[in-house]
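Here is a short note for someone opening this structure for the first time. Please read the points with the model in view.

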Amino acid sequence: MRKVFRVALSFVRERPTRLMLTSLATIAATCIVVWVASGYDMLLKNFDIYSDLVLGRYELAVAPIDLNGETVIPAEVLSDLRSDTSVAAADPFWGEMLKVRPLLSLKNEKTESSLTDAPPASPDDNSSSPPDQASQRRPVSMILATDSHEPPFDMHAGHWLDPSRLNSRETVVRADVARIWGLKTGDSVSIGDGDQTEPFQVIGIVDAPTIIGPGGEAAIQIITPGSGEFFVSTAAAEKLFAKQAEISMIGVALQPDADLTRFRFGWGPRLSRYSTPVQFQESIDIEEALDESASAQNVLIQSYAATGIAILIAMLVIFSTLSMGITERVRQYAILRAIGFTRFEVGSLIACEGLLLAAIGFVGGILLGQLLLWMSVRASGGLLHHGSSVGPFSLLLAAFATFGGAFLASLIPIWQVTRVKPIDAMAPRPQLAGLQTAPWKTVGLGLILICINPLLVFLFPPGETRGMTATLVIGFTSMAVGFVLLSPGIVILVDRWGSPVLARLCGLDPKLLRSQITNHLWRTVGAAISIAIGMGLYIGILVWGFTMLEAFIPGPWAPDALIAFRALEIPPEEAAALAAVPGIDPERCEPIVVEQPRLLNDLTNSAERASVTRQDNVVIVGIDPEGAFLGERPLFDLEWVAGSPESAVPLLQQGNACVVPDHFLKETGLATGDQFTLVPPENPDQPIKYTIAGAVRLPGWHWQTKLTGFRSRTHRAAALVFASYESVAQDFNKPVASYVWFNYASNQANPDQILEAAQTQLQVPAIAANDDPLASSEGARGLRMMPVEDIRAITRGAASRWIWMLSQIPLITILIAGFGVLNVIIVSVRSRRWEMGVLRSLGITSWSLVLVVLAEGLLIGIVAGLISFGFGMMAGWCGAGIAQYFSFFGGLHPDLSVPWFAILSGLAGMLVFSILIAVWPAVSVGKKRPLTLLQQGRGTI
């Protein structure tokens, strides 16, 4: 095999430009994999920032719903949780805020003597740290009492509490507190105030993360395992707090095989039935910490997707290189066969070439990826505290991409070269140059395969639990293969119909462009597909993303604006009087009350698979039915899909009837006239039944309720439901109005002036506007104005940034594929040098030859554009359709939305890029003299 490897190495070195371009393409493709996969590695390494943010070893935490100051969890909640077979551990925590002061270490006489000479500490001094650090400490600290036998976080030093030691005065300190106060195991602290002060010895330091938010340390104002600064046993806490033990929070750890979503939503309705209703903690910070696992999963999926893209790019680029080498070296391979090389050895030559190209790409990609990661860590300012390195996961995916792509790329060239016979040294095999006519059977098969995906998605949709993977694999694989098989027909059509038009536009003889891209049909197909991969994914992401986005943009049904009463008690009659404020349409202004109750029964099967429409609660809005739905100019401009305003309003006025969105009927299987039961959060023992009086379309209700603060109990809801004001106010104990919903009196209405007038009328302060409607209102008291156009702009802006982030890798792959296209054009120009020399000798100008080469690049770009446009539109359409059955954001079934400007801009940019790719070979051939071109000859080996 040594001679085979030496010959393969000489073949690779024969064309240094081709080697450079192929290597750059494979290096770049590998670097994409390394970058994305290493991002996943770094996310896992830094995941403790999020996953351990507040919950530690617990997947969930249970806390009371604060009703009238009640913050104690009933003991039966703990026993019920412990009896659940899915629960591995349910540990109670009792939290109180007390003063803490570090005492002198019993083992450090030097410290004692030095502190003896120090000025006496003030009574409120609770820190022996330097002034700049001590000033950051609060006057009191969170003391958490627990009987857990295991620490909620990893131990940094020492050991955890022993609950069996009833009279022990031992404590475990959070690591950041110990670091700032200079505490070590064996030191002592004083906990308590006045006569209740007790000394405690530090027996351990727990490595809990510091919770830091916009408000500084301990920004999360609820009790969690992460909020504890000092941990003591429950027995010691009873003496310290001078009262019987209570339960402030329960940490819940699940069995390894337990389904978190199923458990969480299965327990949701049960938690509200206790004497003191409890809930899984719903702080946005905790919810985001739990959702980080989904973010990590998304990055993992992106890693696999990037690997798949890199495999395709490496395969197409290496395939083009190997295929071009076979075409140019047919006689050389025949001579090798004649002097004794076997078919296996000749095939091994191709395999070795592919292996060498893959090795160069792999090593170069790893080095370049490591360099980029190092630069990103340097630029992060210490945010990535674990640093960066190319881990085993990244190496595995990178190797799979490059060597897997090289393996696939070598299969057809190996088969081609093994068919070469010694006699072929006398005459090259014309069939190796590619097909000259359209393979119509292949094109027909491609069309059939393309139709499979939409049939599976829209006519034969998969079930909720079965058939999803099969539909995805079969549908999208058949569609991708179909477009590959359709590509030769597209090349021939572009050559037949596009070449003459382009020749006339460039002022060239149409014969100069005839058959330029069909002489080597499959080579052109490979070059076009390599570009079309990135552009097709880019278009698919845009179509899919903006189609899904339409379901979250508040539609025309939403009134123009809403005024929220934050921490204000505004009677409904005073709220209704705001209709007289200048700028508000007095006929379309209604006060509302809002609550977010749970469903008594899990009608949406949220425990099976949660989504934006499959939750265990709804948002119910109380409003005057007649002003909201009836008349020529109702407040809501609704499209009714079941029932009508005339039939629904009388039922709503009678009480305990509601109007629901159409998707709620699909998810629950209910119909108009059916009933469902809601559990009032403040009165869970008296559930209330509501009758469905009608169903309407409410596109964008989800973000409408999120950014207006309608979802006050939890950050997810299954539906936005309308009922009469009196029903909601009475059933859910809402004596005062929550909001005023209204339309503008004219298009020239000024929201700031309306808010100022409302403030003057009600004699209450106003809350300043902010880009985030929720950010400036939390904890504030006053009026808050929220125009629906601001909600739409925020939603579009956030989604557009996210869609653009997803589009970056496909756009980068277009640049990488440009190396492969450049290779194809260079080889095409090299193979026609003699012909171009003849044309120059006959009077064709060098500028005309430059235009011919540029036109060839443009023709390849047009072919790639047609392929990518068809694939992207189909993939985006089918992707949005299949997402309704498995995506968390599915279930709303939006109409197809095509961002034409972004798509056409991308296609135009790709065509310009195709022309730029051809500039180098075009200028190169344009500078050569006719004699130089003729010296290439027609019979060169």
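1. Start with F241. This is a predicted model. Setting aside neighbours within four places in sequence, F241 is in contact with W94, E96, L98 and I143. F241 lies in helix α8, residues 234-241. The C-alpha atoms of F241 and M97 are separated by 9.7 Å, and these two residues are 144 apart along the chain.

2. Is F241 buried or exposed? F241 counts as buried because its relative accessibility is 11%, and the cut-off for buried is under 20%.

3. Now the chain as a whole. The chain has 941 residues, and 54% of them count as buried. There are 30 helices and 24 strands. Take the contacts between residues at least 6 apart in sequence: 82% of them join residues at least 24 apart. The chain exposes about 41,500 Å², with 59% of that supplied by carbon and sulfur atoms.

4. Next, the nonpolar cores. The largest one holds 96 residues. Which of its residues touch the most other members? They are Y333, L349, I539, I825, V853, V863 and I903. Helix α27, residues 846-886, gives this core its largest share, 17 residues. A second, separate core has 47 residues, including F565, F676, V740 and Y744.

5. Look at L349 in more detail. Beyond its neighbours within four places in sequence, L349 is in contact with V4, V7, A8 and F11. Y333, L336 and F341 are also contacts of L349.

6. Two of those contacts, Y333 and L336, lead to helix α11, residues 330-338. Both are buried there, as are V330, Q332, A334 and R337. An α-helix has 3.6 residues a turn, so residues three or four places apart point the same way. After α11 comes G340, whose phi is positive, near 120 degrees.

7. Finally, a helix pair. Two packed helices are described by the angle between their axes and the distance between the axes. For α28 (residues 900-917) and α29 (residues 919-927), the axes come within 5 Å and cross at roughly 35 degrees. Which residues meet? I915, L916 and I917 in α28 meet V919, W920 and P921 in α29. The residues of this contact divide into six nonpolar, no polar and no charged.

Notes: Residues are numbered from 1 along each chain as its sequence is written. This is a predicted model: local features need pLDDT of at least 70, side-chain atom pairs count only at pLDDT 80 or more; totals for chains, interfaces and linings use all residues. Side-chain values use heavy atoms; hydrogens and water are left out. Axes are lines fitted to C-alpha atoms, for helices over the stretch in contact, and angles run from 0 to 180 degrees between N-to-C directions. Helices (H or I, at least four residues) and strands (E, at least two) are DSSP runs, numbered from the N terminus. Contact means heavy atoms within 4.5 Å. Ala, Val, Leu, Ile, Met, Phe, Trp, Tyr, Cys and Pro count as nonpolar, Asp, Glu, Lys and Arg as charged, and the others, Gly among them, as polar. Buried means under 20% relative accessible area, exposed over 50%, partly exposed in between (1.4 Å probe, protein chains only). A nonpolar core is a set of buried Ala, Val, Leu, Ile, Met, Phe, Trp, Tyr and Cys residues joined through side-chain atoms within 4.5 Å. Accessible areas come from the Shrake-Rupley method with a 1.4 Å probe; for residues, only the protein chains shown count as cover.
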